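Colleague: Give me a close look at the helix packing in this model. Then work outwards to the core and the loops around it.

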Amino acid sequence: MRYSIPYGKSKLTFEAPEERVIFTGEMRAIPKLNDIEASLIQAIDNPIGAQPLRMLAKDKKNIVFLIEDGTRDTPLSIMMPVITDYLNRHGVPDCAMSFLTAPGTHRVMTDEEIIEKLGPDMVRRFTIRQHDANIASDMKDLGTVSTGDYTIPVHVNKYALEADLLIGLGNIVPHSDAGFSGGAKILQPGVCDFVTTSATHAAAGFCPDIPLGMVEGNPCRRGIEEVAKKANLAFIINVVKNYNNEVAGIFAGDFLSAHREGVKLARESFKVSLPKLADIVIVSSSPADLDYWQAEKGVTSAYFAVKEGGIIIFVSPCFEGLAHNHPRFREWLSLPLEETLKRLRQASPEDTEVDIISTVLAVCNSRVRNRARIFSVSEGLLPEDIEAMQYTPFPNIEAALSEAFAQIPQATIGILPKGGISLPILES
């Protein structure tokens, strides 16, 4: 039978024996919101765990919106005109509102990307600043917070801290370190430096397993939220989408309470029920296609769907290669798990030369690699990248699947077409 999976904005098709395919990555059909604008007004006027946004914004002179970069797909060009016009109607002028991009340690956005993200009218009306984790003079030291017995230095962009009302926007999907994205994650790592982000990510590396879908009891998520509390993140507006990339819910209010309500819907929206684990899992990293830093989410979801000793066929264009702002990522990816964990325990987040954030992603990759062999189909990864990752490259899915059958002749197959947002759950 012929199957297809996303590959960037196109699709790759392949043949597979239908009787061998035990799951195809279906997610529950969560209905979309019929009227996003009306639902958004309802959410910000009746928030979870907070006063209505119009009341919080009263008499404020410096409202700052934290917005994601191009690696996320919250429909800000639809949402922000509604939010800013709502505030206008309640007495807040445009001059009292501005935007700060929150890319974490990713590269800064291009002008074209900002226009695409917000729309030309928002760009014309409002001041937009870009967070760059490399600019030390933009950061302010707020001391430390703790997650368990682990101490996290808190360095936050001064423009966020100068706000008299700080609002974060984002979407909620499964995440391999924070459990789920959204909530306080727009602030940390969004507008923090490499030191703070290294420390919170290190907490995820110390988990006994990959904390995908885990929010409570997750030291990384707790660290993120302690940093946000320290920085006075006052209000969030998060969306949850369905499998078709349509907005299915909007959650606004306190960054803890509103986020947890959103997680309930996200867990249902992105869950992939597995009757059993597969010998071979074919996974597309979609919609996380920009680079391997994002696309590794597909490998992580496949980890929870493949049998021990099985094979993962990882499919992703990785348009921008391995990663930005992480020159040691390839080195960390090449190391075995125990060596990476040993170095992680010895490293200080203050030592930015170590690049702890890369270490944690490498820990995740090593855990997957220890469970299953990984074949790759990607035009964006260099041969030296693939060698360091210890993947086996193939020109197409058919060639990779043929070799997988040669190694496991009676193999069952699982398909995860949206591996970048999937939350595989073994039902039996």
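Modeller: Helices here are DSSP runs of H or I with at least four residues, and strands are E runs of at least two, both numbered from the N terminus. With that settled, note that the model is predicted.

Start with helix H13, residues 356–371. Helix H12, residues 337–346, packs against H13 at an angle of about 155°. Their axes are 9 Å apart. Angles over 145 degrees count as roughly antiparallel, so H12 and H13 are roughly antiparallel to each other. The crossing of this pair is left-handed. H12 brings Leu 337, Thr 340, Leu 341 and Leu 344 to the contact. From H13 come Ile 356, Thr 359, Val 360, Ala 362, Val 363, Ser 366, Arg 367 and Asn 370. By class, the contact of H12 with H13 holds seven nonpolar residues, four polar and one charged.

Now the other partner. Helix H7, residues 194–205, meets H13 at about 25°, with the axes 7 Å apart. Angles under 35 degrees count as roughly parallel. H7 and H13 are therefore roughly parallel to each other. H7, too, passes H13 in a left-handed crossing. On the H7 side, the contact uses Phe 194, Thr 197, Ser 198, His 201, Ala 202, Ala 204 and Gly 205. On the H13 side, it uses Ile 356, Ile 357, Val 360, Leu 361, Val 363 and Arg 367. The contact of H7 with H13 divides into eight nonpolar residues, four polar and one charged. Some residues of H13 serve both contacts, among them Ile 356, Val 360, Val 363 and Arg 367.

What does H13 give to the nonpolar core? In soluble globular proteins, nonpolar side chains tend to be buried together. Here the largest nonpolar core has 89 residues. H13 gives the most to this core, eight residues. The members that touch the most others are Leu 66, Leu 187, Leu 233, Val 281 and Tyr 292. Leu 66 falls within strand E4, residues 63–67. Leaving aside neighbours within four places in sequence, Leu 66 contacts Leu 187 and Leu 233. Its other contacts on that basis include Leu 100, Ala 102, Ala 160, Leu 166, Ile 167, Leu 169, Ile 186 and Val 191. A separate core lies apart, with 35 residues. Leu 76, Met 79, Val 239 and Ala 252 are among them.

Next, the loops that flank H7. The loop between strand E11 (179–180) and H7 holds Pro 189. Gln 188 and Pro 189 are joined by a cis peptide bond, with omega about 15°. The loop between H7 and H8 holds Asp 209. Asp 209 counts as partly exposed, at 33% relative accessibility. Beyond four places in sequence, Asp 209 is in contact with Tyr 303 and Arg 367. Arg 367 also belongs to the contact of H7 with H13. Asp 209 and Pro 52 are 157 residues apart along the chain, and their C-alpha atoms are 39 Å apart.

Follow the chain into helix H8, residues 219–230, which contains Glu 225. Is Glu 225 buried or exposed? Its relative accessible area is 7%. Buried means under 20%, so Glu 225 is buried. Beyond its sequence neighbours within four places, Glu 225 contacts Ala 184, Phe 255, Leu 256, His 259 and Arg 260.

Pro 174, in strand E10 (residues 174–175), is also buried, at 3%. Leaving aside neighbours within four places, its contacts include Gly 179, Phe 180, Leu 212 and Phe 270. Ile 421, Ser 422 and Leu 423 are also in contact with Pro 174.

Last, some backbone details to check. A second cis peptide bond joins Ser 286 and Pro 287, with omega about 0°. Pro 287 sits in the loop between strand E15 (278–284) and helix H10 (292–303). Asp 59 has a positive phi, near 65°, without being glycine. Asp 59 lies in the loop between helix H2 (53–56) and strand E4. Asp 59 is exposed, at 64% relative accessible area. Asn 245 likewise has a positive phi, near 70°. Its loop runs between strand E12 (235–241) and strand E13 (247–253). Asn 245 is partly exposed, at 41%.

Notes
Residues are numbered from 1 along each chain as its sequence is written. This is a predicted model: local features need pLDDT of at least 70, side-chain atom pairs count only at pLDDT 80 or more; totals for chains, interfaces and linings use all residues. Side-chain values use heavy atoms; hydrogens and water are left out. Axes are lines fitted to C-alpha atoms, for helices over the stretch in contact, and angles run from 0 to 180 degrees between N-to-C directions. Angles under 35 degrees count as roughly parallel, over 145 as roughly antiparallel, 65 to 115 as roughly perpendicular and the rest as oblique. A crossing is left-handed if the near helix is turned anticlockwise from the far one by less than a right angle, and right-handed if clockwise. Contact means heavy atoms within 4.5 Å. Ala, Val, Leu, Ile, Met, Phe, Trp, Tyr, Cys and Pro count as nonpolar, Asp, Glu, Lys and Arg as charged, and the others, Gly among them, as polar. A nonpolar core is a set of buried Ala, Val, Leu, Ile, Met, Phe, Trp, Tyr and Cys residues joined through side-chain atoms within 4.5 Å. Buried means under 20% relative accessible area, exposed over 50%, partly exposed in between (1.4 Å probe, protein chains only).
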